[in-house]
Amino acid sequence: MNKQNELTELPLVGVSACLAGQPVRFDGGHKHDRFITSSLSEHMKLLPLCPEMAIGLGVPRPSIQLRMKDDEVRLVVSKDPDTDLTEKMNNYAAEKLSELSHLDGFIFKKGSPSCGVFRVPVVVNEEGFRNYDATGVFAKAFMERYPLIPVEEEGRLNDAALRENFFERLFAYRRWKALEKGANNVQRFIEFHSRHKLMLMARGSSYYQELGRMVAGTTATDLLQRRAAYIKRFMEVMKLMTPPGRHVNVLQHIQGYLKKVLSREDKQELLSVYEAYRQKQLPLITPITLLRHHLRVNPQSYIGQQYYLQPFPEKLALRSVL
Ligand code: SF4
């Protein structure tokens, strides 16, 4: 498969099977998420997976939970804590995860002792007191094995900013994988960093500089080592959220490239659109579209290369939400 095909193929996203509408929950129900099965499935290939079914629990099944035992978080049957499923789940994960290295992202079910990513409840004493600070056993194994693959929970995808951040990471990671599969070429490494400049600046200009230092001076000899360190830090930085004020800074930075060609009225219009975006009266796509229009009329090759202006396919409409 050549580089072109990889990027034109749809992203492959793992998803907790109950979110895809499969009746795999302990009570035979599902947690069908329409954003995932309608909007997303048009633009991505989904790979539904239910770890609890996969370890043979079947439906209906007794509910399970996380519970502290001897200072360890264990996966147990809620009404029979002596029935410990941790090892079974870890063994399944160890085997299954080797088949999932090609995923571009994973959307997990929140709160699940197997699939939850954030704040999963764990029973900490005999009275049933819970802490909300654990991660589901399968999700934890996935993230440990594939720390670079972006993961998110379905509930958090209802938040426009978190959703945009997840898909920015997912598509950046795809671009990285295409780069890794191509020729081992220092120039392509430098280009990757350079074309993500504005996306990094949107997280804070110091991150662009920090990552730039990791790229600077790369030679063919240390390329693989440099790339491994770079992508680890890059994906960490990409998790950071971009507040509207910082987006406005980046938009103004882009406008700077057009200062000699825009009329006073054009500049004024852009500034008022940025302000309306900052005040949450307009979505981010509005100033971006206006800037892209000016860039079409007055092409600026450096800015035109920046993924910031189109970090994911337009049809996902992720920047259209206030
Ligand atoms: S949360 Fe995970 S383990 Fe639970 S039913 Fe959904 S897919 Fe299966």
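Start by selecting strand 4 and strand 5: together they make a hairpin, with two residues between them. Keep in mind as you click around that this is a predicted model. The two strands pair in the antiparallel sense, over two bridges. For a landmark, show valine 77 and aspartate 80 as sticks; the valine stands opposite the aspartate, which sits in strand 5.

Now keep strand 4 (residues 72–77) and add strand 3 (residues 64–69). These two run antiparallel as well, joined by six bridges. What stands opposite arginine 67 in strand 4? It's another arginine, number 74. Then slide along to the turn. The hairpin of strand 3 and strand 4 also has two residues between its strands, and aspartate 70 there takes a positive phi near 50 degrees.

Time to zoom out and color the whole sheet. It is an open one of five strands, in the order 5-4-3-7-8, and the pairing is mixed. Strand 5 (80–84) and strand 8 (130–134) are the edges; each has a single partner strand, so one side of each is left without a neighbour in the sheet. Rotate the view and look at how the strands cross: neighbours are turned by 55 degrees against each other on average, ignoring direction. As a reminder of what holds such things together, strands of a sheet pair through backbone hydrogen bonds, either parallel or antiparallel.

Next stop: helix 4, residues 86–97. Try the distance tool on its end C-alpha atoms, which are 16 Å apart; that agrees with the 16 Å its 12 residues should span at 1.5 Å a residue. Which residues of helix 4 are buried? Select Met89, Tyr92 and Ala93. They cover an arc of only 100 degrees around the axis, which puts them on the same side of the helix. That spacing fits a general rule: an α-helix has 3.6 residues a turn, so residues three or four places apart point the same way. Flip to the other side of helix 4 and you'll find Glu87, Asn91, Ala94 and Glu95, which are exposed.

Last stop: the ligand. Select the residues that surround it, going through the chain: Ser16, Ala17, Cys18, Val24 and Arg25, then Cys50, Pro51 and Glu52, and finally Lys109, Ser112, Ser114 and Cys115. Color this shell by residue type and it divides into six nonpolar, three polar and three charged.

How values were computed: Residues numbered from 1 in each chain as written. Predicted model: local features only at pLDDT ≥ 70, side-chain atom pairs only at ≥ 80, totals over all residues. Pairing = 2+ DSSP bridges. Helix = DSSP H or I, 4+ residues; strand = E, 2+ residues; numbered from the N terminus. Axes fitted to C-alpha atoms, helices over the stretch in contact; angles between N-to-C directions. Near = placed C-beta within 6 Å. Nonpolar A, V, L, I, M, F, W, Y, C, P; charged D, E, K, R; others polar. Expected span 1.5 Å × (residues − 1). Buried ≥ 20, exposed ≤ 12 C-beta atoms within 10 Å, placed from the backbone. Arc of directions from axis to C-beta.
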